[in-house]
Amino acid sequence: MTDTPLPRNDRRFLTAVARAFGGAGLFALPLLMTEEMWEIGATIPAGRILALLVGALPLLVGLSYIAGFEETPSLVDDALDAFVALGIGIAASAFLLWLTGAIGPGTPARAGIGMVALQAVPAAIGALLARSQLHASPDEDRAERQRREASWRAELFTMMIGSLFLALNIAPTEEVVMIAVRLDEWHLLGLIGVSLVAMHAFAYTLEFRGQAGRPEGASHLALVLRFTAPGYVLGLLVSAAALWVFGRTQGLSPEPLVAIIVVLGFPAALGAAAARLVL
């Protein structure tokens with residue numbers, strides 16, 4: 001037998017898949033090493049897991065369009081990439097949970113499936129982001145991504161992905177509830193204000209690498225109304241959804257419910273701002 005080199009396209013695809021596994025593991029680690037996630041994964045209702053996976057699929061399709069792990073010429077290809085990323089997220093999550101002893105032969109199937117499913121979404125996000133974060137793309141790829149990211153809707157979508165990633169990693173923790181309980185309305189208003197200022201500063205004033213910069217002729221107020229404020233509202237909605245998935249909203253009256261959403265909305269806002277820098 002002779003060693004036959006793989007065709008270039010096959011090599012590129014295998015490299016992209018390997019890179020995706022690396023990104024899945026890297027992005028999944030914070031949630032994977034959270035004790036609350038293990039406990040919630042063992043008890044979470046199947047309907048909430050299904051809602052998380054079904055709700056995440058359109059976001060993964062959009063993320064594939066903006067920054068997938070290989071170039072895609074059509075929406076169908078983006079959808080296929082999203083399913084591949086979710087499959088990689090499930091495989092990487094199952095392997096890492098087994099490797100760290102969180103699941104094993106004695107783990108009930110229901111608990112194991114729950115833990116892997118909760119882990120799979122941030123891992124899938126990592127798999128798709130691996131192309132833009134772990135690979136030095138050629139100039140033409142960068143130009144194509146910039147074209148795809150240019151629209152207002154794409155900006156808001158990018159912020160929503162960043163919000164989702166951080167919200168999923170923090171929502172299962174007890175600390176979110178503990179912080180929300182001890183904050184009064186003035187602290188909550190201050191947290192909202194700091195979240196908005198931080199989002200805007202990350203994107204337009206602190207001059208981070210990859211920062212969008214203020215468009216010529218656009219005032220800061222116009223940018224707040226067009227990007228920052230809508231992005232923050234999306235972060236709050238994502239936070240509410242993540243808290244619901246993890247059962248943190250159950251039995252709460254309106255006031256503590258608003259408080260816990262605002263508390264989680266702070267890291268979600270930072271995730272939204274950071275996503276605009278790294279994608």
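This passage describes the fold, the nonpolar core, the aromatic surface patch and the salt bridge of a predicted model.

The protein chain of this predicted model contains eleven helices and zero strands, and its elements, read from the N terminus on, follow one another as α-α-α-α-α-α-α-α-α-α-α. Of the 279 residues in the protein chain, 47% count as buried, while the accessible surface amounts to about 14100 Å², with 67% of that area belonging to carbon and sulfur atoms. When contacts between residues at least 6 apart in sequence are considered, 80% of them join residues that are at least 24 apart.

The largest nonpolar core comprises 71 residues, among which Leu 118 and Ile 125 touch the most other members. The element that gives the most to this core is helix α5, spanning residues 109–133, with twelve residues. For Ile 125, and leaving aside residues up to four places away in sequence, the residues touched are Leu 60, Leu 63, Ile 161 and Leu 164. Helix α5 also holds Gly 112, which has a relative accessibility of 13% and therefore counts as buried, the limit being under 20%. With residues up to four places away in sequence again not counted, Gly 112 touches Ile 103 and Thr 107. The C-alpha atom of Gly 112 is separated by 9.6 Å from that of Trp 98, a residue 14 positions apart from Gly 112 along the chain.

Trp 98 is in turn part of a nonpolar surface patch of about 360 Å², which is made by Phe 95, Trp 98 and Leu 99. Leu 99 lies in helix α4, which covers residues 75–99, and Phe 95 and Trp 98 both belong to helix α4 as well, where they are three residues apart, or about one turn of the helix. The accessibility of two patch members can be stated individually: Leu 99 has a relative accessible area of 52% and is classed as exposed because this value is over 50%, whereas Phe 95, at 45%, counts as partly exposed. The patch also includes the two partners of the one aromatic pair that the structure holds, in which the rings of Phe 95 and Trp 98 lie 6.0 Å apart, centre to centre, with 35° between their planes. This arrangement is described as tilted because the angle falls neither under 30 degrees, as required for stacked rings, nor over 60, as required for an edge-to-face pair.

Side chains of opposite charge can pair when their charged atoms come close. A search of the whole structure finds one salt bridge, formed between the side chains of Arg 248 and Glu 174 at an N to O distance of 3.5 Å. This pair links distant parts of the chain, with the two positions 74 residues apart in numbering: Arg 248 is found in the loop between α10 (220–245) and α11 (254–278), and Glu 174 in helix α8, which runs over residues 174–182. The two partners fall into separate accessibility classes, since Arg 248 has a relative accessibility of 16% and counts as buried, while Glu 174 has a relative accessible area of 37% and is partly exposed.

How values were computed:
Residues numbered from 1 in each chain as written. Predicted model: local features only at pLDDT ≥ 70, side-chain atom pairs only at ≥ 80, totals over all residues. Heavy atoms only, no water. Patch = residues over 30% accessible without salt bridge, like charges linked within 9 Å, V, L, I, M, F, W, Y side chains within 5 Å. Areas by Shrake-Rupley, 256 points an atom, 1.4 Å probe, with all protein chains shown as cover. Salt bridge = Lys/Arg side-chain N within 4 Å of Asp/Glu carboxyl O. Helix = DSSP H or I, 4+ residues; strand = E, 2+ residues; numbered from the N terminus. Buried < 20%, exposed > 50% of the residue type's maximum accessible area, 1.4 Å probe, protein only. Contact = heavy atoms within 4.5 Å. Core = buried A, V, L, I, M, F, W, Y, C linked by side-chain atoms within 4.5 Å. Phe/Tyr/Trp six-rings, centres within 6.5 Å; stacked < 30°, edge-to-face > 60°.
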